[in-house]
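Student: Before we start, I would like to go through the reasoning behind the labels, setting each value against its cut-off.
Tutor: Then let us take the structure and work through it label by label.

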Amino acid sequence: MTDRCDDPSACPDDEGSSQVSLDPRVKIGSAKVFTIYGKGGIGKSTTSSNLAVAFSKLGKRTLLIGCDPKHDSTFTLTKRLTTTVIDVLEEVDYHPEELRTEDFVFEGYNGVMCVEAGGPPAGTGCGGYVVGQTVKLLKEHHLLDETDVVVFDVLGDVVCGGFAAPLHYADRAVIVAANDFDSIFAMNRIIAAIQAKARDYPVRVGGMVANRSAATDQIDKFNAMAGMKRLAHMPELDVIRKSRLQKSTLFELDATNPDVAKAQAEYLALATQLWNGVEPLESAHALKDREIFDLLGFN
């Protein structure tokens with residue numbers, strides 16, 4: 001891997017480009033920034049929302065940014081589908097100076113601040129633009145000045161600009177995967193995309209979360225071969241599924257339920273680990289498709 005570029009404004013965008021030019025002068029600031037990636041439907045939003053609450057339980061001022069056009073990253077925190085940044089920009093004919101903070105930032109459970117970037121109509125624009133405009137608005141409204149942690153919940157499409165754009169701002173990227181071929185195959189592609197961005201930006205692979213899996217044998221085989229590390233293991237607990245149906249985070253459920261307590265403890269441990277700092281997995285690398293096929297599923 002080549003040395004990273006300390007001044008992104010002077011860096012060419014290499015492989016893994018966001019497909020849209022982002023203003024290199026717009027930076028998050030002093031907050032620790034984490035991006036959550038994974039195959040579509042693997043539980044990224046559940047992971048992101050509960051992780052955001054876990055950070056807030058540690059006393060950190062936390063901002064959760066949803067980057068999926070479905071804009072469902074924050075509904076368990078706010079109890080509703082909030083207005084997106086692209087919605088409010090359209091309302092003011094793309095004159096951001098006319099927007100107020102309360103137009104696009106909503107306070108969720110335990111003080112977590114919530115923003116949904118949204119997305120352009122299908123086939124009409126790049127999600128990377130929306131992510132860039134969201135960060136720019138947050139900076140202009142000074143909402144990042146006193147933020148300790150920013151969590152990006154990123155859509156699953158590896159080739160989309162909305163996928164790559166958060167990598168411009170992140171310190172560590174965390175991948176969510178289950179103990180199955182499809183999500184591990186997707187994780188492999190995501191590793192390649194993150195490592196491509198790491199040539200020009202400070203972002204590094206931080207590790208992965210095993211989600212909705214009783215066992216982790218297939219994940220562990222892949223991690224050993226690809227230089228990945230498991231940071232947490234969220235078992236296949238029905239309380240996690242029910243929490244989404246109840247439009248609640250796990251931290252709002254009855255902690256006397258042993259499954260709820262177990263899940264809460266795992267998210268708190270993950271938040272503590274990330275806050276204290278996880279070493280970049282410089283050795284993480286994508287396997288060839290055939291290597292994954294031959295590796296997984298055999299005794």
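Student: Why is arginine 61 called partly exposed?
Tutor: This is a predicted model, and in it arginine 61 has a relative accessible area of 45%. Buried means under 20% and exposed means over 50%, with partly exposed in between, so at 45% arginine 61 is partly exposed.

Student: What makes the pairing of aspartate 148 with arginine 61 a salt bridge?
Tutor: The closest N and O atoms of aspartate 148 and arginine 61 are 2.9 Å apart, and the rule asks for a side-chain nitrogen of Lys or Arg within 4 Å of a carboxyl oxygen of Asp or Glu, so the pair counts as a salt bridge. Aspartate 148 sits in the loop between α4 (127-140) and β5 (149-154), while arginine 61 sits in the loop between α1 and β2 (62-67), and the two are 87 residues apart. In addition, a polar atom of the side chain of aspartate 148 lies 2.7 Å from the backbone nitrogen of arginine 61.

Student: How do you know that aspartate 148 is buried?
Tutor: Its relative accessible area is 17%, and the limit for buried is under 20%, so aspartate 148 is buried. Setting aside neighbours within four places in sequence, aspartate 148 is in contact with Ala31, Lys32, Gly59, Lys60, Arg61 and Trp275.

Student: Why is the pair of aspartate 72 and arginine 244 still called a salt bridge, at 3.9 Å from N to O?
Tutor: The cut-off is within 4 Å, and 3.9 Å satisfies that, so the side chains of aspartate 72 and arginine 244 meet in a salt bridge. Aspartate 72 lies in the loop between β2 and α2 (75-78) and arginine 244 in helix α8 (residues 238-245), so the pair ties together parts that are 172 residues apart in sequence. Both aspartate 72 and arginine 244 are buried.

Student: What makes serine 45 buried?
Tutor: Serine 45 has a relative accessible area of 14%, and buried means under 20%, so the label applies to serine 45. Serine 45 belongs to helix α1 (residues 44-57), and beyond residues up to four places away in sequence it touches Asp72, Ser73, Asp153 and Arg244. An unreviewed UniProt entry lists Ser45 under "binding site".

Student: What joins Arg100, Glu102 and Asp103 into one network?
Tutor: In one of the bridges, aspartate 103 pairs with arginine 100, the closest N and O atoms being 2.9 Å apart, and salt bridges that share partners join Arg100, Glu102 and Asp103 into one network. Aspartate 103 is buried at 18% relative accessible area, whereas arginine 100, at 48%, is partly exposed. In total the count comes to ten salt bridges.

Student: Why is the aromatic pair of phenylalanine 152 and tyrosine 169 called stacked?
Tutor: The angle between the planes is 15 degrees and the centres are 6.2 Å apart; pairing requires centres within 6.5 Å and stacking requires planes under 30 degrees apart, so phenylalanine 152 and tyrosine 169 form a stacked pair. Phenylalanine 152 lies in strand β5 and tyrosine 169 in the loop between α5 (161-164) and β6 (172-177), so the pair ties together parts that are 17 residues apart in sequence. Both phenylalanine 152 and tyrosine 169 are buried.

Note on methods. Residues are numbered from 1 along each chain as its sequence is written. This is a predicted model: local features need pLDDT of at least 70, side-chain atom pairs count only at pLDDT 80 or more; totals for chains, interfaces and linings use all residues. Side-chain values use heavy atoms; hydrogens and water are left out. UniProt positions are given in the numbering used here, feature names are shortened, and annotations may be inferred rather than shown by experiment. Helices (H or I, at least four residues) and strands (E, at least two) are DSSP runs, numbered from the N terminus. Buried means under 20% relative accessible area, exposed over 50%, partly exposed in between (1.4 Å probe, protein chains only). Contact means heavy atoms within 4.5 Å. A polar contact is a pair of N or O atoms within 3.5 Å; within protein, one must be able to donate a hydrogen and the other to accept it, and residues adjacent in sequence count only if both atoms are side-chain atoms. Rings of Phe, Tyr and Trp (its six-membered ring) pair if their centres lie within 6.5 Å; planes under 30 degrees apart count as stacked, over 60 as edge-to-face and the rest as tilted.
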